Amino acid sequence: MLLLHLLSEGEKYGYEVASEMASRSEGRYEVGDGTLYPVFYRLEKEGWVEPTWRPRERGVPRKYYRLTDEGRRALNEAVTEWRSFVDGVERILTGGGES
Amino acid sequence: MTTETLRLPQAAEDYLARVMKELPRPLPERGRIEDELRSHLADRLEAAMGGTPEQALSRMAPPEEVARDYLAEISFEDAPLGKRVGAFLIDALAGTVVLTPIWIFLWLSFLPQLDLQPPLSYGWVLLPLLFITKMAAAVAILSVVYFPIVEAIWGRTLGKWLLGIYVTREDGRAAGWVPAILRRLSFILEIFWIDAVFALFTKRRQRAFDLVARTVVVRER
């Protein structure tokens with residue numbers, strides 16, 4: 001879900017996603033060097049992201065990932081589900097007395 | 001763009017090679033993984049601005065761990081027993097054929113000295129018997145000089161290659177020398193038949209010495 005969300009802002013490459021993940025979560029989510037790409041591969045097989053290799057001015061080309069329409073739908077679904085989960089947990093933790 | 005610009009600093013290429021060494025050679029994802037990792041390493045080095053490649057690499061996960069993470073997402077299908085038996089028979093037969101000139105040579109050079117004259121009428125009985133003993137001898141020799149070596153280097157033997165199966169560690173990493181030798185010990189100790197029966201009952205169709213070596217035989221995709 002987090003990966004899909006980061007990609008919903010636009011096409012990104014692996015290292016970019018990993019470092020954004022780390023900085024936005026203030027270091028709480030450190031993605032291992034070998035864990036990110038296999039997950040992308042799984043998303044790719046689901047048809048949720050689409051990879052493209054793009055050359056850079058110098059050196060090794062980069063693999064960029066783009067969210068597909070199907071991926072966007074999956075993201076919306078996952079976010080809705082997550083919100084309702086958090087909401088449920090929050091209600092239990094904070095109250096319980098209202099009903 | 002020349003190929004020179006596509007290479008990373010030597011330290012990073014070495015790191016990449018260490019990851020690739022852990023991935024079985026018959027794995028179809030190797031190319032993709034190598035490209036992704038090279039690109040990732042390039043980004044890592046770029047982000048490390050100013051530092052040496054070695055410093056940037058020291059913050060990378062150990063190569064075995066990266067390989068394991070990649071392999072964890074790849075599904076392996078255990079090889080069916082039929083293919084394994086078939087591969088073994090192919091290897092045994094091929095070994096027998098290759099070694100036959102040596103037997104004939106030895107036979108011809110020692111027979112006159114032994115002064116042995118087998119009656120020709122026994123030929124039909126003797127020949128198949130001879131063939132079986134030669135095959136057993138071939139397997140004994142192959143167990144030491146062939147199976148462990150080719151499985152350590154390529155992950156498979158001729159028979160396995162023809163039937164589309166190969167050996168990996170239980171976690172999917174390439175077998176390597178120690179496991180490749182370990183899993184052949186039952187051949188050398190001549191307890192192969194007992195060892196092989198285990199494959200009928202174990203979950204991942206492992207021989208007893210596969211369990212010891214922590215190896216499995218998987219199907220190529």
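Into which domains is chain B divided? Chain B splits into domain 1 (3-72) and domain 2 (81-219); the bounds come from an automatic or database domain assignment.

This is a predicted model: local features need pLDDT of at least 70, side-chain atom pairs count only at pLDDT 80 or more, and totals for chains, interfaces and linings use all residues. Residues are numbered from 1 along each chain as its sequence is written, while chains are lettered from A and ligands numbered from 1 in the order in which they are written.

**Between the domains of chain B**

The C-alpha centres of domain 1 and domain 2 of chain B are 37 Å apart. Their contact takes 9 residues from domain 1 of chain B and 9 residues from domain 2 of chain B. Two residues are in contact if their C-beta atoms, placed from the backbone, lie within 7 Å. On the domain 1 side, helix H1 (10-22) and H4 of chain B each supply at least two residues. H4(B) has the largest share there, 3 residues. Helices are DSSP runs (H or I, at least four residues), numbered from the N terminus.

**Between the chains**

The contact of the two chains takes 19 residues from chain B and 17 residues from chain A. On the chain B side, helix H2 (30-47) and helix H4 (63-72) of chain B give two or more residues. H2(B) gives the most, with 8 residues.

**Composition of the two sides**

| Side | Nonpolar | Polar | Charged |
|---|---|---|---|
| Chain B, touching chain A | 9 residues | 3 residues | 7 residues |
| Domain 1 of chain B, touching domain 2 of chain B | 5 residues | no residues | 4 residues |

Ala, Val, Leu, Ile, Met, Phe, Trp, Tyr, Cys and Pro count as nonpolar, Asp, Glu, Lys and Arg as charged, and the others, Gly among them, as polar.
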